[in-house]
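Colleague: I would like to go through some of the labels on this model and hear the reason for each. Please put the value next to the rule every time.

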Amino acid sequence: MRIARILTVAALLAGGSAVAKRDETVELRTPRTTVRASVDAQGLQGPDLRLQLSDTALKGQAFQRPVDLKLSDRRIQGTVDQKPVDLTVRERPEVVEAMGTFAGQPSSLTLSPDELTGSVGPCGYNLIIERDRKHYRGTRACGDERENDVYVAIPRALEQEPASGRMAALSVLLSHP
């Protein structure tokens, strides 16, 4: 009987752990692709993203491209796929903006509690928060491809990062066509 209780508690704890992991996953879902990565103290880890995130850098691989970004309070600088990144980050109450160049292309991305809009790399986004307040949904255009029903989930672990780290990670994710 005691062993059965221990196994039940263990199963419940394992289930709770799985829920916690799902809640700490950043996700981009389009009609053509899905990209997911777990977010923890070390960075973003998934099949397409292997990035180490610290207060001063975002480094690693994203979509088999090298990422080497330096972060400060107001700047993101470096390279993605050996193409230049130079973004100015501006933070206002509940709004973060990143403007400049990402992977050699003009970029301007705005994140607020209500929407995620703008362009990063080759892709432009127009997403609004869904009723459950846990993810954004809307449209994106990458080159000539326009997609409806695009979904982006940003976990609490990423929301709590400094603005430059949060915007650097989102820019890498959202720049994937």
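Colleague: Why is the contact of K59 with D68 called a salt bridge?

Modeller: The closest N and O atoms of K59 and D68 are 3.4 Å apart. A salt bridge is a side-chain nitrogen of Lys or Arg within 4 Å of a carboxyl oxygen of Asp or Glu, so the pair qualifies. As for the source, this is a predicted model, in which local features need pLDDT of at least 70 and side-chain atom pairs count only at pLDDT 80 or more, while totals for chains, interfaces and linings use all residues. Residues are numbered from 1 along each chain as its sequence is written, and side-chain values use heavy atoms, with hydrogens and water left out.

Colleague: What makes K59 buried, partly exposed or exposed?

Modeller: Its relative accessibility is 38%. Buried means under 20% relative accessible area, exposed over 50%, and partly exposed in between (1.4 Å probe, protein chains only), so K59 is partly exposed. D68, at 31%, is also partly exposed.

Colleague: How many salt bridges does a search of the whole structure find?

Modeller: Ten. One of them is D86 with R75, where the closest N and O atoms are 2.6 Å apart. D86 lies in strand β8 (residues 83-92) and R75 in strand β7 (residues 75-80), so this pair ties together parts that are eleven residues apart in sequence. Strands here are DSSP runs of E with at least two residues, helices are runs of H or I with at least four, and the numbering goes from the N terminus. D86 has 32% relative accessibility and is partly exposed, as is R75 with 31%.

Colleague: Which residues are linked in a network of salt bridges?

Modeller: E27, R29 and R36 are. Within it, E27 and R29 have their closest N and O atoms 3.2 Å apart. E27 is buried at 9%, whereas R29 is partly exposed at 31%.

Colleague: What makes the phi of F63 worth listing?

Modeller: Phi of F63 is near 55 degrees, a positive value in a residue other than glycine. Most residues other than glycine have a negative phi. F63 sits in the loop between β5 (57-62) and β6 (65-71), and its relative accessible area of 14% makes it buried. A103 also has a positive phi, near 50 degrees; its place is the loop between β9 (95-102) and β10 (105-111). A103 counts as buried at 14%.

Colleague: How do you know that C123 and C142 are joined by a disulfide?

Modeller: Their S to S distance is 2.0 Å. A disulfide is a pair of cysteine sulfur atoms within 2.5 Å, so the pair meets the rule. By that rule the count comes to one disulfide. The link of C123 and C142 is right-handed, with 115 degrees about the S-S bond. It connects distant parts of the chain, C123 in strand β12 (residues 123-129) and C142 in strand β13 (residues 135-142), 19 residues apart. C123 is buried at 1%, and C142 is buried at 9%.

Colleague: How do you know that the span of helix α3 agrees with what is expected?

Modeller: The expected span is 1.5 Å times one less than the number of residues. For the twelve residues of α3 (residues 163-174) that should give 16 Å, and the end C-alpha atoms are 16 Å apart, which agrees.

Colleague: What makes α3 count as mostly covered?

Modeller: Twelve of its twelve residues are buried. R166 is among them, as are G165 and M167.

Colleague: Which side chains of strand β4 point to one face, and which to the other?

Modeller: In β4 (residues 49-53), L49, L51 and L53 point to one face and are buried. R50 and Q52 point to the other face and are not buried.

Colleague: Why is β4 called paired with β3?

Modeller: Two strands pair if DSSP finds at least two bridges between them. Three bridges join β3 (residues 43-45) to β4, so the rule is met, and the two run antiparallel. G43 stands opposite Q52, and a hairpin of three residues makes the connection from β3 to β4.

Colleague: How many bridges are there between β4 and β5?

Modeller: Five, in the antiparallel sense. R50 has Q61 in β5 as its bridge partner. Here too a hairpin joins the strands, β4 to β5, through three residues.
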